[in-house]
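Colleague: Hi! Could you walk me through this one? I have a few quick questions.

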Amino acid sequence: MESDKEGNKGGSATPIVESDSEVEHEPGEKNVSRQMSESSLYTTEDEEEDETNNKIELGPQCTLKEQFEKDKDDESLRRWKEQLLGSVDINSVGESLDPDVKILSLEIKSPGRPDIVLPIPEDGNPKSPWFTLKEGSKYSLKFSFQVSNNIVTGLKYTNTVWKTGIRVDSTKQMIGAFSPQSEPYTHEMPEETTPSGMFARGSYSARTKFLDDDNKCYLEINYTFDIKKEWLAT
């Protein structure tokens, strides 16, 4: 995968706290992420349950206004907080304790191809197949999201893929912490390559989640996709 692309708000997602990426893939896939962990071919349902059970307790949570008011007599700390929060209107969001993240768009990018815009269904179950990829092709997922109410910490993307009932890929990437703002953030996942060959072609089922460090899930999508010899005609 390529390294994450980050920029200013309204462009690529720039987290207020950067975190290491954790990406798991099938052995043999090209290691092109700068911060990629070793992968396993198959994982178990127990691993997903363990991740939920191993939730880190972060202590009492504060509203954005309370965080801003703390140590307000410390000039250097006050300037740091202003830089951290940017143009956030404290009066409009400061009383909300829980952050909210809304995924606004999802699209698949592949060199030399039109972007595949993925509709996001309200029930989290898009029509099958959700999309089709060509075997051996490079692609990346790009999404935009909006943060409101409070700072979201530990925002992460997970994706699990099965073929004929066997888990064949598990991806997890930490995106970072983001403050509320009116402009959406955008983030592009590192580039991947679809498998190729007779046994790679066919239908897959998958589950994508966007969660924070409290394991609050902002979007879960259960879907199917196909890998075929050629791209579908456009």
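Colleague: Let's start with the surface. How much accessible surface does the protein chain have, and what share belongs to carbon and sulfur atoms?
Modeller: This is a predicted model. Its protein chain has an accessible surface of about 13,100 Å², and carbon and sulfur atoms account for 47% of that.

Colleague: Thanks! And what percentage of the residues is buried?
Modeller: Of the 234 residues in the protein chain, 41% are buried.

Colleague: Okay, on to the fold. How many helices and strands are there?
Modeller: You'll find four helices and ten strands in the protein chain. Going from the N terminus, the four α elements are followed by the ten β elements.

Colleague: What about contacts along the chain: what share joins residues at least 24 apart?
Modeller: That share is 72%, taken among contacts between residues at least 6 apart in sequence.

Colleague: Now the open sheet of five strands. What's the strand order?
Modeller: The order is 3-10-9-5-6, and the pairing is mixed. Strand 3 (131-134) and strand 6 (166-178) are at the edges; each has a single partner strand, so one side of each lacks a neighbour in the sheet. On average, neighbouring strands in this sheet are turned by 25° against each other, ignoring direction.

Colleague: Mixed pairing, you say. Do strands 3 and 10 run parallel or antiparallel?
Modeller: Strand 3 and strand 10 run parallel, joined by four bridges. In that pair, F131 sits opposite F225 of strand 10.

Colleague: And strands 9 and 10, parallel or antiparallel?
Modeller: Those are antiparallel, with ten bridges joining strand 9 (residues 202-211) to strand 10 (residues 217-228). L211 is opposite C217 in strand 10, and A206 is opposite Y223.

Colleague: How many residues sit between strand 9 and strand 10 in the hairpin?
Modeller: Five residues separate the two strands of that hairpin, and N215 in the turn has a positive phi of about 60°.

Colleague: Changing topic: where does D100 lie?
Modeller: D100 is in strand 1 (residues 100-109).

Colleague: Why does D100 count as partly exposed?
Modeller: Its relative accessibility is 34%. The partly exposed class runs between 20% and 50%, so D100 falls into it.

Colleague: Which residues does D100 touch?
Modeller: Leaving aside residues up to four places away in sequence, D100 touches Q146, V147, S148, N149 and Y218.

Colleague: One last thing: what separates the C-alpha atoms of D100 and P180?
Modeller: The separation is 8.7 Å, with the two residues 80 apart along the chain.

Notes:
Residues numbered from 1 in each chain as written. Predicted model: local features only at pLDDT ≥ 70, side-chain atom pairs only at ≥ 80, totals over all residues. Heavy atoms only, no water. Buried < 20%, exposed > 50% of the residue type's maximum accessible area, 1.4 Å probe, protein only. Contact = heavy atoms within 4.5 Å. Areas by Shrake-Rupley, 256 points an atom, 1.4 Å probe, with all protein chains shown as cover. Pairing = 2+ DSSP bridges. Axes fitted to C-alpha atoms, helices over the stretch in contact; angles between N-to-C directions.
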